[in-house]
Amino acid sequence: MIAEILGIIAPVLICIAIGFAWAKAGRKFDTPMVTFLVTYFSTPALVFYTLSTVDLSMEALFVIGGAAVAANVVLAVIGAITLWIFGLSQRTFLQSLTWPNVGNIGLPLCLLAFGEEGLALAIGFFAVYVVIQLTIGVAFVSGQFSPKSLISMPIIPATIIATIVLVGDLYVPEWILNTTKLIGDLTIPLMLITLGVSLASLKVVNISRSIWLAIFRLAIGFGVGVFIAWGFDLEGVARGVVILQCALPVAVFCYLLAQLYERQPEEVASLVVISTTISIATLPVLMWFVLLE
């Protein structure tokens, strides 16, 4: 079991370390260009290829989508109550307690732990979170709603088209599959390296508060993941994916939103860094738990 867990976690941590070391060495890394490439090309390609080729029922995708919505709601409610009790800003901290890093870290972990089926289910979970983040999330943090941000995200049409292919069992030319696979394979290493670069540039403030909030985020994420998996009667890979995705550290996207709308970005940056650092120690235990079945 130890060797299996190491085989899952090590590639993820090494890729993050490469990005971190690259940034700390003072080397140039065009984060906006890489982010654009991942957002508009490689991630949609990964979504299309994975969902078009995986042996997965439509029911399984709908269930994982429902689980993602339920997890988001429960995490938001628990987070809002906690922040209210401690008198902390909802617009600054709630997104950090609600949105785990289901993309940069979640997708590679689910792929390495559960194979193509795990990746497909993780993508379904991720796609739902993207929609929520770009609608309700942006509206909450910014105080205004703009459907333009959702329409401009290629992952949405990619998911819809791939779902149609999956449901209709439609034929996709081999050249399209090969092309989307080749481009999609860029996604995970680029996501992880970019995460490492981002972590190297973020600074930590209010360490004591950031530590307890980060621990709280990881703890409630795990608890909610187990609860949702039980509530939806999930087993095997689906159970593992939901628990794993919910229990991950704060998403870097939370920092980007906080910076964009001036919601104390340094506080959110601290949560991203500390929760990610703590998760390095908790990931082996988490992987052991989700691999028990």
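Where is the place of Asp-233 in this structure? In the model, which is a predicted one, Asp-233 has its place in the loop between α10 and α11, the latter helix spanning residues 236–246. Although Asp-233 is not a glycine, its phi is positive, at about 55 degrees. Asp-233 is also exposed, because its relative accessible area of 61% lies over the 50% that marks an exposed residue. A positive phi is likewise found at Gln-264, a residue other than glycine, where the value is near 50 degrees. Gln-264 belongs to the loop between α12 and α13, and with a relative accessibility of 33% it counts as partly exposed.

The pockets of the model were examined next. The largest pocket has a volume of about 1,200 Å³, and its lining is made up of 45 residues, among which Thr-35, Thr-39, Met-153, Phe-253 and Leu-256 lie nearest the centre of the pocket. Two or more residues of this lining are given by each of the helices α2 (31–53), α5 (106–142), α9 (187–201) and α12 (252–260). Of these elements, α2 gives the most to the lining of the largest pocket, with 8 residues. When the lining residues of the largest pocket are sorted by character, 28 are nonpolar, 16 are polar and 1 is charged.

The second largest pocket has a volume of about 330 Å³. Its lining consists of 17 residues, and those lying nearest its centre are Leu-61, Gly-124, Val-128, Thr-159 and Thr-163. The elements that each give two or more residues to the lining of this second pocket are α3 (58–86), α5 and α7 (155–168), with the largest share, 7 residues, coming from α3. By character, the lining of the second largest pocket divides into 12 nonpolar and 5 polar residues, with no charged residue.

Helix α3 also appears on the surface of the model. A nonpolar patch is formed there by Val-69, Val-73, Val-77, Ile-81, Trp-84, Ile-85, Phe-86 and Trp-212, which together have about 830 Å² of accessible area. The largest share of this patch, 7 residues, is supplied by α3. One member of the patch, Ile-85, is found in helix α3 and counts as exposed because its relative accessibility is 56%.

Beyond the end of α3, Leu-88 lies in the loop between α3 and α4, a helix that covers residues 90–98. Leu-88 counts as buried, since its relative accessibility is 14% and the cut-off for burial is under 20%. Leu-88 and Val-250 are 162 residues apart in sequence, and their C-alpha atoms are 17 Å apart in space. Another buried residue, Gln-133, lies in helix α5 and has a relative accessibility of 9%. The C-alpha atoms of Gln-133 and Gly-26, which are 107 residues apart along the chain, are separated by 32 Å.

Charged side chains were considered last. Side chains of opposite charge can pair when their charged atoms come close. The structure holds 2 salt bridges. In one of them, the side chains of Lys-181 and Asp-185 meet at 3.0 Å, taken from N to O. Lys-181 counts as partly exposed at 34% relative accessibility, and Asp-185 is likewise partly exposed, with a value of 44%.

In the other salt bridge, the side chains of Arg-209 and Glu-267 meet with an N to O distance of 2.7 Å. This pair links distant parts of the chain, for Arg-209 is in helix α10 (residues 207–231) and Glu-267 is in helix α13 (residues 265–290), with their positions 58 residues apart in the numbering. The two partners were then compared by their accessibility. Arg-209 counts as partly exposed, because its relative accessibility of 24% falls between the limits for buried and exposed residues. Glu-267, in contrast, is buried, because its relative accessible area is 6%.

Technical notes. Residues are numbered from 1 along each chain as its sequence is written. This is a predicted model: local features need pLDDT of at least 70, side-chain atom pairs count only at pLDDT 80 or more; totals for chains, interfaces and linings use all residues. Side-chain values use heavy atoms; hydrogens and water are left out. On a 1 Å grid over the protein atoms alone, a cavity is a set of points where a 1.4 Å probe fits but cannot get out, and a pocket is an open set with protein on both sides within 12 Å along at least five of seven lines; lining residues have an atom within 4 Å of a point. Grid points are joined across faces, edges and corners, and a volume is the space filled by probe spheres set on the points. Helices (H or I, at least four residues) and strands (E, at least two) are DSSP runs, numbered from the N terminus. Ala, Val, Leu, Ile, Met, Phe, Trp, Tyr, Cys and Pro count as nonpolar, Asp, Glu, Lys and Arg as charged, and the others, Gly among them, as polar. Patches are made of residues with over 30% relative accessible area and no salt bridge: like charges are joined within 9 Å, nonpolar side chains (Val, Leu, Ile, Met, Phe, Trp, Tyr) within 5 Å. Accessible areas come from the Shrake-Rupley method with a 1.4 Å probe; for residues, only the protein chains shown count as cover. A salt bridge is a side-chain nitrogen of Lys or Arg within 4 Å of a carboxyl oxygen of Asp or Glu. Buried means under 20% relative accessible area, exposed over 50%, partly exposed in between (1.4 Å probe, protein chains only).
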